[in-house]
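Reader: I would like to learn how to read helix packing and aromatic pairs in a model. Please take them in turn.

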There are 2 protein chains.
Amino acid sequence: MTNGPASDNAAVDPDEKPGRGVIDLLAMMAYAELVAFFRLADDAGLAPDLAAKGELAGVAATEYAHYKLLRDRLAELGVDPEAAMRPFVEPLNAWHTRTEPQSWLESLVKTYVSDGIAGDFYRYIADRTDDRTRALVAEVVSDTGRGEAIAVRIRAAVEDDPKLGGRLSLWARRLVGEALSQAQLVAAQRVELAALLTPQGGGREGEEPGGAGPSADLAAVSRVFAKLTEAHSARLEAMGLSG
Amino acid sequence: MTNGPASDNAAVDPDEKPGRGVIDLLAMMAYAELVAFFRLADDAGLAPDLAAKGELAGVAATEYAHYKLLRDRLAELGVDPEAAMRPFVEPLNAWHTRTEPQSWLESLVKTYVSDGIAGDFYRYIADRTDDRTRALVAEVVSDTGRGEAIAVRIRAAVEDDPKLGGRLSLWARRLVGEALSQAQLVAAQRVELAALLTPQGGGREGEEPGGAGPSADLAAVSRVFAKLTEAHSARLEAMGLSG
């Protein structure tokens, strides 16, 4: 449930104001939800019909609700939410700009892949924080069956038109590649956040744990990313795509 | 609470399936909310900062919630919601295309003016329908203080820069002109809906009321529009603009 005794530099006492790593996590998620709201709304032009447009708006509205939860929590912690979000604006915008869907199916794959991998990532970090943060993150990333619905739809489309499979597999690969690339930049810049990704919140196996403050061990970060990519492969399979 | 005895052609028995006019009203509102959602989200690029973007997303998310209420009601009435919305897609899209804001203040004025005039319009029609429809419309158009907040902001901006006043007044005039123009097209095409706009649901003072089915008396429709324009003037004043 909580971190080991060696993780004091990253763990948070429930009665204490969380550290910079947790603020970063909440702020990154808040901006990710806000920008996802606008980007999803932007995909309306790709929706095949009015019903699909309505569903899309519903997904976007849920992203807004998540943003609101996270932003309110930041404000409650006495943090200026917008200032806290600012470091994540550029990498998240860059990711979206580099992965703009050109078709409705690409938009659906993007939603499924990015919700999945981001959800795993957030949960992984949140497990290294306090109960309150963990509960909030769990609420925000809870899968409401939307992923499964998308996977079924993509699988059906690929079965109807096998050529699509290759194209969408490449698309999914690019989505993850671009995400990991931006995540690496963020990890390099946000030391306290990256420290939450490493075993025992900053140490590394075989090293003296809980040393001189948080460590942005980029090799450990990469190992976490490798683990996230494995879960991603299962999602690809669910969509009938290959890795 | 209900219409006069002469209005049977437009009024709806609470236990009966509402007529075409009510279906049209709900469908028009549903599509108006859905398209407003996407158009508002589209204005994100105009927002001056992250906090304003977040507020914008919040307003759009509320539009989605309204859309959902209306769409669910249409489905509950056994109507295909998308088919019912279809006649309103073109005029509402045309209105948005012809009134695309070029600045953040124009976006705010558009929200205030269109929420205001559409709200008055919907309430006016809904008063001529059944209790259930009236309650749903009241819920959807309820002003949550957002209009007042926008008016205060616009007034302050105009006081700071009086040149803005002239420009935004012209903008507000264009918004209403384009809205009335599209509304006239809708009234001409949707006879049952237009009939709800005329006194006693189809008759005209001095005429034999409740004659041969619903009447799309365009002069009566124009008188309703004239009344709506009066309320619009009060909103202009609240923003420090002139008509």
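Author: What follows covers one helix contact and then the ring pairs. This is a predicted model, where local features need pLDDT of at least 70, side-chain atom pairs count only at pLDDT 80 or more, and totals for chains, interfaces and linings use all residues. Residues are numbered from 1 along each chain as written, chains are lettered from A in the order written, and side-chain values use heavy atoms, without hydrogens and water.

Reader: At what angle do the axes of H2 of chain A and H1 of chain B cross?

Author: Two packed helices are described by the angle between their axes and the distance between the axes. Here helix H2 (residues 50–76) of chain A and helix H1 (residues 20–42) of chain B have axes that come within 11 Å and cross at roughly 55 degrees. That makes H2(A) oblique to H1(B) (under 35 degrees is roughly parallel, over 145 roughly antiparallel, 65 to 115 roughly perpendicular, the rest oblique).

Reader: Which residues of H1(B) does H2(A) meet?

Author: Tyr31(B), Leu34(B), Phe37(B) and Phe38(B) are met by residues of H2(A), including Leu50(A) and Ala60(A) (contact means heavy atoms within 4.5 Å).

Reader: How many aromatic pairs does the structure hold?

Author: A pair of aromatic rings is described by the distance of the centres and the angle of the planes. There are 11 aromatic pairs over all chains (rings of Phe, Tyr and Trp, the last by its six-membered ring, with centres within 6.5 Å; planes under 30 degrees apart are stacked, over 60 edge-to-face, the rest tilted). Phe37(A) and Phe38(A) have ring centres 5.0 Å apart and planes at 90 degrees, so they are edge-to-face.

Reader: Is Phe37(A) buried or exposed?

Author: Phe37(A) is buried, at 0% relative accessible area (buried is under 20%, exposed over 50%, partly exposed in between, with a 1.4 Å probe and protein chains only). Phe38(A) is buried at 10%.

Definitions and conventions
Axes are lines fitted to C-alpha atoms, for helices over the stretch in contact, and angles run from 0 to 180 degrees between N-to-C directions. Helices (H or I, at least four residues) and strands (E, at least two) are DSSP runs, numbered from the N terminus.
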